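Please look over the structure shown here before reading on. The report after it goes from the whole chain to single residues.

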Amino acid sequence: VNEACSCHPNRVSFWSVSFIDNMAAFVAGSGVVLGRSSLTGSQICAAKKPAFAASKCTLSMNMAGSGNIDRKFMEQALRDKYERLDMGGKVMAEYIWLGGKAADTSSGIPMCLDPTDIRSKTKILSKLPKSISELPIWNYDGSSTGQAPGKDSEVMLHPVAMYRDPFRQGDHILVLCETYTPQGQPLPSNTRHQAAKIMDKAKDLKPWFGIEQEYTILDLDGHPLGWPKGGYPKPQGPYYCGNGADKVYGRELAEAHGAACLYAGLSLSGINAEVMMSQWEYQIGPCEGISAGDQIWVSRYIMQRLSEEYGMYASFDVKPMPGDWNGAGCHTNFSTEPMRKPGGFEIIKKAMDKLAKKQGEHIKVYGAGNERRLTGAHETAPITEFSWGVANRGCSVRIPRSTEADGYGYFEDRRPGSNMDPYVVTAKIVETTCL
C-alpha cells in the first residue's frame with residue numbers, strides 16, 4: 001500500500017482509489033480481494049500521503065494533441081453512498097451497441113475502424129427480465145454516432161444478448177443490441193445481422209470459436225504503460241507470461257477485466273501477458289456461432305468501462321509501436337463438429353485449401369492497417385501469402401500439435417488483427433470453410 005500511495009513514476013502512473021480499496025480489503029483480512037473493507041483506500045493513503053484524503057483524486061495528464069486533461073476519481077465511500085440506495089426493485093439495463101466507426105461499411109467492405117466505438121445508455125426496467133424477448137426495443141440519436149442524418153436521426157435498438165452487469169452488480173444487466181432503422185431494416189454497420197444468417201446456415205455443423213484478443217495498455221498520454229517516456233524498454237524476451245515489477249505492467253487492469261468478464265457470464269478461458277511490454281491477451285471461448293462475436297464485443301465494452309476507473313486504457317491497434325516489437329492480433333481458433341471427431345484432421349486440411357483460394361478476400365476484412373503487422377516477422381506470415389503448418393506460428397494458419405497427433409481438433413487463423421470485427425471474421429471463416 002505504501003508503494004501504491006507513493007505513485008513511483010517508473011512503476012505506474014497512478015492507482016485508482018477503487019483498486020487501493022481492494023488492497024485495503026485484502027490487508028484487512030476480508031479474504032476476498034475484490035471485496036471492500038470498512039477501511040477505505042483513501043484513509044490508508046491519507047496516513048501516507050495527506051493529499052489523497054480529499055473527496056476526489058485528480059490526475060492531470062497530457063493527451064496527445066488535446067492538452068492537459070484532469071481525470072477525477074471519486075472516493076469509494078462517496079460512490080457507495082449512492083450505489084447502495086434502495087432503488088425500489090427497479091433494474092438498470094445498460095443497452096450497448098456499436099457506433100459508426102466500430103463497423104464501418106463506407107468503402108463497401110465491412111471494416112472496424114475503431115473497436116472502442118462502443119456506445120451505451122441506461123434504461124430503467126420495472127423488474128429483471130427473464131429472457132431477451134422481455135426487453136423492450138429502444139432508440140437513440142444516430143446522427144451523433146455517425147449512423148444517421150440529422151433530419152432522420154432515430155435508430156432502433158433491438159436487444160440480442162443479456163449479461164450480468166459487473167459494475168452495478170445486483171439484478172442490473174448489460175444488454176447487447178443490434179441497430180435498425182424505424183422501418184425495420186438493419187443499418188449498414190449492423191454486421192451482426194448478416195453474420196447471424198451465415199451462422200444459422202451452418203448451425204448443424206456446430207461451429208466453435210476461441211478468440212485470442214490481444215491489446216496494449218497505454219497511459220492516458222497514449223504512451224505504453226511502463227515504457228520510459230521518450231525511450232524504450234529492454235528488448236522483447238522477458239515479458240511474455242512474465243512476472244516481476246521490471247517486466248509486467250498493467251496486471252491490475254488485466255485481472256480486473258478477467259474477473260468482470262466472468263461475473264458478466266462471458267466464456268473467458270484465460271489471460272496472459274504478451275511478448276511486448278504492456279501487451280496483454282485474454283481468450284474468449286469456446287463459443288458457438290454468433291455468440292463468439294457477441295462476447296468479444298461485450299468484453300471490449302467491459303475493458304472500456306474499466307479504463308475509466310483505472311486511468312489506463314487498452315489500445316487495439318495492430319501495431320502500436322513501430323520497430324522490433326510484436327504487433328497485436330486476434331487469433332481465431334475454429335472447428336466444426338466433424339473436425340472435432342476422429343478423421344477431422346482430413347477435413348481441416350480441406351479447409352486449408354479453401355482458405356488458400358480466398359486469401360485476398362479474408363485479408364480485406366481481417367483488420368484495418370494489418371499490413372503493418374503481417375510482415376513475415378514477429379510470429380506472422382506475409383500478408384500477400386497463405387501458408388499453414390503444424391505448430392508453426394510463422395504461418396497464416398497454425399495446426400496444433402495435438403490435432404495432428406489425435407487426428408482431429410481445430411485450427412488457429414493467425415491473420416486477424418486485434419482491431420477486427422469478430423462478426424465479420426467469424427462469418428467469413430464459416431462461409432469459406434463450410435458453405
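The text below describes the overall make-up of the model, then its cavities, then some individual residues.

**The whole chain**

This is a predicted model. The protein has 435 residues, and 51% of them count as buried. Its secondary structure consists of 11 helices and 15 strands. Among contacts with a separation of 6 or more, 66% are between residues 24 or more positions apart. The accessible surface is about 19,400 Å², and carbon and sulfur atoms account for 52% of that surface.

How far can the coordinates be trusted? The average pLDDT is 87, and 83% of the residues score at least 70. Residues 1-68, however, have a pLDDT below 50. In the model this stretch has 113 contacts beyond near neighbours in sequence. Where pLDDT is low, predicted coordinates should not be read in detail.

**The cavities**

Rolling a probe the size of a water molecule over the atoms shows where empty space is left. How many cavities of 30 Å³ or more does a search of the whole structure find? There are 2. The table sets them side by side.

| Cavity | Volume | Nonpolar lining residues | Polar lining residues | Charged lining residues |
|---|---|---|---|---|
| Largest | about 100 Å³ | 6 residues | 4 residues | 2 residues |
| Second largest | about 40 Å³ | 7 residues | 2 residues | 2 residues |

The lining of the largest cavity includes Trp97, Leu98, Leu176, Cys177, Glu178 and Thr179. Ser189, Asn190, Thr191, Arg192, Trp297 and Tyr423 also line the largest cavity. Which elements each supply at least two residues of this lining? They are strand S3 (91-98), strand S7 (173-180) and helix H5 (191-201). Strand S7 gives the most to the lining of the largest cavity, with 4 residues.

The second largest cavity is lined by residues that include Tyr239, Lys247, Val248 and Tyr249. Others in its lining are Ala273, Glu274, Met276, Met277, Ser278, Gln279 and Trp280.

**Buried residues**

Thr191, one of the residues lining the largest cavity, lies in helix H5. Is Thr191 buried or exposed? Thr191 counts as buried because its relative accessibility is 11%, which is under the 20% cut-off. Leaving aside residues up to four places away in sequence, Thr191 touches Ala103, Pro110, Asp421, Tyr423 and Val424. Of these contacts, Tyr423 is also named in the lining of the largest cavity.

Lys428 sits in helix H11, which covers residues 422-434. With a relative accessibility of 14%, Lys428 also counts as buried. Which residues does Lys428 touch, not counting those up to four places away in sequence? They are Glu361, His362 and Val365.

Phe411 belongs to strand S15, residues 411-413. The relative accessible area of Phe411 is 0%, so this residue is buried. Pro400 is 11 residues from Phe411 along the chain, and the C-alpha atoms of the two are separated by 6.7 Å.

**Backbone features**

Most residues other than glycine have a negative phi, and most peptide bonds are trans. The following places depart from that pattern.

The peptide bond from Gly285 to Pro286 is cis, and its omega is near 5 degrees. Pro286 is part of strand S10, which runs over residues 279-288.

Gln169 is not a glycine, yet its phi is positive, at about 60 degrees. Where is Gln169 found? Gln169 is in the loop between strand S6 (154-164) and S7. The relative accessible area of Gln169 is 41%, so Gln169 is partly exposed.

Glu379, also a residue other than glycine, has a positive phi near 65 degrees. Its place is in the loop between helix H9 (359-364) and strand S13 (388-390). Glu379 has a relative accessible area of 38% and is therefore partly exposed. A residue counts as partly exposed when its relative accessible area lies between the buried limit of 20% and the exposed limit of 50%.

Notes. Residues numbered from 1 in each chain as written. Predicted model: local features only at pLDDT ≥ 70, side-chain atom pairs only at ≥ 80, totals over all residues. Heavy atoms only, no water. Buried < 20%, exposed > 50% of the residue type's maximum accessible area, 1.4 Å probe, protein only. Contact = heavy atoms within 4.5 Å. Areas by Shrake-Rupley, 256 points an atom, 1.4 Å probe, with all protein chains shown as cover. pLDDT = per-residue confidence, 0-100. 1 Å grid on protein atoms, 1.4 Å probe; cavity = no way out; pocket = protein on both sides within 12 Å on 5 of 7 lines; lining within 4 Å. Points joined across faces, edges and corners; volume = space filled by probe spheres on them. Nonpolar A, V, L, I, M, F, W, Y, C, P; charged D, E, K, R; others polar.
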